[in-house]
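Let's take a stroll through one part of this structure. Have a look at it first, and then we'll go through it piece by piece.

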Amino acid sequence: MTMKILKPTLKNIKKAAHYLNIGELVGIPTETVYGLAANTFNTEAVLKIFKTKNRPTFDPLIVHISTKILKCKNILLELENNNLICLDTFTQKAKTRAKKLMLKFWPGPLTLVLPKHNAVPDIVTSGLPTIAIRMPNHKVTQQLLSLIKFPLAAPSANLFGKISPTTALHVLSELGNNVAMILDGGTCPIGIESTVIFVHPGGQLTLLRPGGLKLSQIEKIANTRVHQKQRSLEHKNHPSSPGMLESHYAPKKPLYMLTKSILHLNKKDFKKLKILIKDSLQEILSTKTCKENNLPQIGLLVMRGDAKQKARKFATQLGFPVKVKLLSSKGNDQESAKNFFSSLRKLDVSPTFILFSEPCLNTKGLFHAIADRLKKASNKI
Ligand code: TXA
Ligand code: MG
């Protein structure tokens, strides 16, 4: 099976192009997370994405485009000529704003939701009148896009609702049986998905999902505030972005977000944790998923600081060995984002039976996206 992960040589990138041309799925690296790609204009191939991921068809995909478009005089017109968007309802203000954002942040972790062209199959956009587009900043995938004649519809290459993949091996372990091949582009440098922005025909901007591009940077270039989506206005079964779904990005093991940093937990807090641990352990023993010769561990995700000291206190109080993953010793947002999904995944595949995470109290910069993912991946205590 590991034969499916291929080094990004020209021969292998051509091979990926071939698979995509014949309607197969390919795992692709991007600067954010790995994607599961198909030809946007091939309905059957796109359907395979939904089936492979076990993704509900109400959850639309992002379409990935080539940097070639940047060389065109009018990037918006070029997207329209490529049968991706339709500018009929767009005001001049909306056009100017969208163009500014594209020219500044593409290629990069910004997805723009724009009015859709009729030629785009409905399955790609889940029947919505809009289409999400981004230009990935990864040389392997850009080389691939330069060899094919269509843009790539690609969600993150994980099973629906699960942890996003940041290496080719992650994709293989989750979807390996159902992809033709995976291009190995190394570890994703950003590690968290793109920021998704809805561009209204009048030019207003709404944040649908915080991500790898900071909101402050978008607001500065667009010279306007970006509105935040009201969760209460969302329809439960048809959210405007799956980032809006209650549970997402979740590990297989139960994950609980603590209410405060480990060092501040008091006796009462530990009492509550012990009850959760007891229940989880009982459940795991009854389903016999815990191997007898593996001493069950508690997984712990810490945000910053001296992880060893924290883990020692945690383990002593709870009476179990603790496997710790640290996002960033100095609390750097980029380092934390890069480590976030891979750390959760490592804790999940370790012989743990329950996972805890410190809360992400900082919401500045990329911590905005990390706090969002953590909230959706975890249960409340
Ligand atoms: O960084 C990324 O965005 C990665 C890489 C692979 O490019 N892709 C990714 O795709 O995260 P996915 O499917 O996991 O998330 C796509 C997001 C969802 O929140 C989806 O609802 C939103 O984009 N989306 C797509 N089309 C939309 C539309 N027409 N209107 C509103 N939201 C849309
Ligand atoms: Mg995803």
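Start with Asn-332, which caps the N-terminal end of helix 11. One of its side-chain oxygens sits 3.0 Å from the backbone nitrogen of Gln-334. Keep in mind that this is a predicted model.

Now for helix 11 itself, residues 333-349. With 17 residues at 1.5 Å a residue, helix 11 should span 24 Å, and its end C-alpha atoms are 25 Å apart, so the two agree. Helix 11 also has a kink of about 40°, centred on Phe-340. Phe-340 is one of the buried residues of this helix, which also include Asp-333, Phe-341, Arg-345 and Asp-348. What covers those buried residues? The cover includes helix 7 (168-175) and helix 12, along with strand 12, strand 13, strand 14 and strand 15.

Those strands bring us to the sheet. It's an open one of 5 strands, paired in parallel, in the order 14-13-15-12-16. The edges are strand 14 and strand 16, each of which pairs on one side only. Here's where some of the strands lie:

| Strand | Residues |
|---|---|
| Strand 12 | 255-257 |
| Strand 14 | 322-326 |
| Strand 15 | 352-357 |
| Strand 16 | 379-380 |

Strand 12 and strand 15 run parallel and are joined by 3 bridges. Across that pairing, Tyr-256 stands opposite Phe-356 in strand 15. Helix 12 (residues 367-377) packs on the sheet too, touching strand 12, strand 13 (297-302), strand 15 and strand 16. The direction of helix 12 makes about 125° with that of strand 12.

Definitions and conventions:
Residues are numbered from 1 along each chain as its sequence is written. Chains are lettered from A and ligands numbered from 1 in the order in which they are written. This is a predicted model: local features need pLDDT of at least 70, side-chain atom pairs count only at pLDDT 80 or more; totals for chains, interfaces and linings use all residues. Side-chain values use heavy atoms; hydrogens and water are left out. Two strands pair if DSSP finds at least two bridges between them. Helices (H or I, at least four residues) and strands (E, at least two) are DSSP runs, numbered from the N terminus. Contact means heavy atoms within 4.5 Å. Axes are lines fitted to C-alpha atoms, for helices over the stretch in contact, and angles run from 0 to 180 degrees between N-to-C directions. The expected span of a helix is 1.5 Å times one less than its number of residues. The bend at a residue is the angle between axes fitted to the seven residues ending there and the seven starting there. Buried means under 20% relative accessible area, exposed over 50%, partly exposed in between (1.4 Å probe, protein chains only). A polar contact is a pair of N or O atoms within 3.5 Å; within protein, one must be able to donate a hydrogen and the other to accept it, and residues adjacent in sequence count only if both atoms are side-chain atoms.
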